[in-house]
Amino acid sequence: MKIFQYSDLTKATIQKLVQRNVDPANEIRAIVEEVIANVKQHGDNALIDYADKFDKVKLDKLYLDKAELTAIAATVLPEQKDALKTAYNNIYKFHQAQLKTEDKVETMPGVTCWRELRPIEKVGLYIPGGTAVLPSTFLMLGIPARIAGCHEIVVCSPPQKNGKVNAFIAYVALLLDIDKIYLVGGSQAIAAMAYGTETITKVDKVFGPGNQFVTKAKTIVQSTTTTAIDMPAGPSEVLVIADETAKPAYVAADLLAQAEHGIDSQSILVTTSTQIAEETLKEIEKQLPVLPRAEIAKAAIANSYIVVTNTLDEAMQFSNQYAPEHLILATENWQQLTASIINAGSVFLGNLTPESAGDYASGTNHTLPTSSYAKAYSGVSVDSFVKKITFQHITPEGLNNIGSSIEILADMEGLHAHKNAVSVRRSEP
């Protein structure tokens, strides 16, 4: 990992450092647009062809039903079921608390306004299954969808070499009372859910993380269909702020935990201590070789870097410009920093709070904005699966109180039909 001194960095250099997962030549866009067009035109046949091409699987049908999922899930061991249930319970508890009824507000006598929640009717969940199978993502998306009350939940996940899904994915489907999983991955899955095919229902909103191709597909379909997306959630990333109270072995473990997601993941260390930086690098060299996904993590680490600052304030300034998906405050003094966090997807406080906790079982959602989108987006929550519809009711007293203001404002804008909609009501005895 290359080491930079923050005091030596210009604004232009910092801007270049924090930029990631860009596609300046539109190479990824061109590939994804071709996939989307093919799925739009050829539907199920295109999906079967892509399973053969990308997943090396010849599919007889595009989905697994409940009986098949039940049979696959039977191989999950008791301790694995217990771990998944613990995660399920904590995620459910945290997200259930987000479902709140708002009070009605009388803005002036006789004028009452309020909001009510309605679930998005049809949602599509993309569960990655490339180099790593992620039942945790299924929990993170499926639980808030169920709490919100979405009427139809469409789930897509890439087939494994045997033409099935992983047993853990199947078990989570049973926990979520989901009867069908479509064996579709990559940008073609996003296209299928956005446009619909003979087998897969067109949805109102697509959720889920993925690689750069999946993320690009989501941004494209959002602008070319009536299907919305949760957020751009691409290759994963972590930024660790560490001072002299950090534990280098912990910091290294956190950096590697993110790096093993994929070669395009990024693990950034921002520290006030050169000694911590050097000891962390030694720990990485020690921990890396024993990882089963060492080659993937090694490639990601090579794409990462360390920034040494003079103060924690400078470290936070850099972090807010980077806007990380995951932010770890590896310091005993984290309480002094939380108020300074402006841009981050999810934050992990202190030396005993690994990012893995949020990835799996603490209760917070791990589907988060990446590539600096934390400057404008929040992570997935129950709110992501609902619409908040505004209501208003006006009584005769209210119309008398507010009517003249509406008429004057409409007249100011030259919209006389708007004015008349009030005037005709006020003129009645």
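**A buried loop residue, paired strands and a pocket in a predicted model**

T367 is placed in the loop that runs between helix α14 (355-360) and strand β15 (386-394). The model described here is a predicted one. Although T367 belongs to a loop, the residue is buried, since its relative accessible area is 0% and the cut-off for a buried residue is under 20%. When neighbours within four places in sequence are left aside, the contacts of T367 are with M140, L141, G208, P209, D230, M231, G379 and V380.

The protein as a whole contains 16 helices and 15 strands, and its C-alpha trace spans about 85 × 60 × 45 Å along the principal axes. Of its 429 residues, 50% count as buried. Among the contacts with a separation of 6 or more, 75% are accounted for by residues 24 or more positions apart.

Strand β15, which follows the loop of T367, is joined to strand β4 by 9 bridges, and the two run antiparallel. Within this pairing, P119 has V386 of β15 as its bridge partner. K387 also lies in β15, and with a relative accessible area of 39% the residue is partly exposed, a class that falls between the limits of 20% and 50%. Not counting residues up to four places away in sequence, K387 touches E116, L117, R118, P119 and I120. One of these residues, E116, is 271 residues away from K387 along the chain, yet the C-alpha atoms of the two are separated by 8.2 Å.

Strand β4 (residues 111-119) also pairs with strand β3 (residues 105-108), in the antiparallel sense and over 3 bridges. Two of the partnerships can be named: V105 is matched with C113 of β4, and M108 is matched with V111 of β4. The two strands form a hairpin with 2 residues between them, and in the turn G110 has a positive phi of about 90 degrees. Strand β4 is thus a partner both of β3 and of β15.

A parallel pairing is found elsewhere, where 6 bridges join strand β10 to strand β11; in this pair, A242 stands opposite T271 of β11. Strand β10 (residues 237-242) is mostly covered, with 6 of its 6 residues buried. In a regular strand the side chains alternate between the two faces of the sheet. In β10, E237, L239 and I241 point one way while V238, V240 and A242 point the other way, and residues of both sets are buried.

Strand β11 (266-271) is in turn one of the elements against which the buried residues of helix α12 pack, the other being helix α10 (248-259). In α12 (residues 294-302), the buried residues are A294, I296, A297, A300 and I301. These residues lie on the same side of α12, because they cover an arc of only 160 degrees around the axis. On the other side of the helix, E295 and A302 are exposed. An α-helix has 3.6 residues a turn, so residues three or four places apart point the same way.

A further buried position is that of A192, in helix α8 (residues 186-195), where the relative accessibility is 0% and the residue therefore counts as buried. Leaving aside neighbours within four places in sequence, A192 is in contact with V39, L47, T197, I200 and T201. A83, by contrast, is 109 residues from A192 in sequence and 32 Å from it in space, C-alpha to C-alpha.

The second largest pocket of the model has a volume of about 350 Å³. It is lined by 20 residues, of which R20, N21, V22, S371 and Y373 are the closest to its centre. Helices α1 (11-18) and α9 (212-224) each supply at least two residues of this lining, and α9 gives the most, with 4 residues. By class, the lining is made up of 6 nonpolar, 10 polar and 4 charged residues.

Conventions. Residues numbered from 1 in each chain as written. Predicted model: local features only at pLDDT ≥ 70, side-chain atom pairs only at ≥ 80, totals over all residues. Heavy atoms only, no water. Buried < 20%, exposed > 50% of the residue type's maximum accessible area, 1.4 Å probe, protein only. Contact = heavy atoms within 4.5 Å. Arc of directions from axis to C-beta. 1 Å grid on protein atoms, 1.4 Å probe; cavity = no way out; pocket = protein on both sides within 12 Å on 5 of 7 lines; lining within 4 Å. Points joined across faces, edges and corners; volume = space filled by probe spheres on them. Nonpolar A, V, L, I, M, F, W, Y, C, P; charged D, E, K, R; others polar. Pairing = 2+ DSSP bridges.
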